[in-house]
Amino acid sequence: NLANNGGGGQNKYDVITAFHVIEHLQDPIEILQQLASLLKENGKMIIEVPNANDALLTIYHNKAFQEFTYWSPHLYLYNTHTLRKLGEKAGLKVEFVKGIQRYPLSNTLYWLAKGKPAGQKIWGNFLDNKILQESYEASLASVGATDTLIALFSKID
């Protein structure tokens, strides 16, 4: 029980983070509500999850990446709309939900060519650079196809 945090419920936090956790929870609304009870009055919650609209799933329809993503520990996948709704259903104020691209173009190309992750470790030295990564992320974000979503929720008192 998250509400019983060892301090008789007295410990409150300014920020609580959950990076690539929420998609694994059977009852994410209940957990977010419990986490919200641990926030101070103006506390924030930062949530990061894989994007159900990842380009490898929705644009490229990469079978190997689909098998990698749709595995049993991922109980839920979220897009910007459903992550926003999750926060709202948990009684939180949604400050924003935004797509970010954690992995560079070399990783995407490696998935497409080899059907495996970690292309940045093999092709990144000659392919990845700041300008290309920023352009790639902006292009994917413009169509909602980044690999990751990040949300900022705040407590409603």
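**Glu48 and Gly91 in a predicted model**

User: Is Glu48 buried or exposed?
Analyst: This is a predicted model, where local features need pLDDT of at least 70, side-chain atom pairs need 80 or more, and totals for chains, interfaces and linings use all residues. Numbering runs from 1 along each chain as its sequence is written, and side-chain values use heavy atoms, without hydrogens or water. Relative accessibility of Glu48 is 8%. The cut-offs are under 20% for buried, over 50% for exposed and partly exposed in between (1.4 Å probe, protein chains only), so Glu48 is buried.

User: Which strand holds Glu48?
Analyst: Strands are DSSP E runs of at least two residues, helices H or I runs of at least four, both numbered from the N terminus. Residues 39-50 form one such strand, and Glu48 falls within that run. The strand is β2.

User: Which residues does Glu48 touch, leaving out those up to four places away in sequence?
Analyst: Contact means heavy atoms within 4.5 Å. With sequence neighbours up to four places away left out, Glu48 touches Ala18, Phe19, His20, Val21, Glu23, Ile100, Arg102, Thr148, Leu149 and Ile150.

User: Where does Gly91 lie?
Analyst: Helix α4 covers 80-89 and strand β3 covers 92-100. Gly91 sits in the loop between α4 and β3.

User: What is the relative accessibility of Gly91?
Analyst: Gly91 counts as partly exposed. That class follows because its relative accessibility is 39%.

User: How many Å apart in space are Gly91 and Ala145?
Analyst: In sequence, Gly91 and Ala145 are 54 residues apart. In space, C-alpha to C-alpha, Gly91 and Ala145 are separated by 27 Å.
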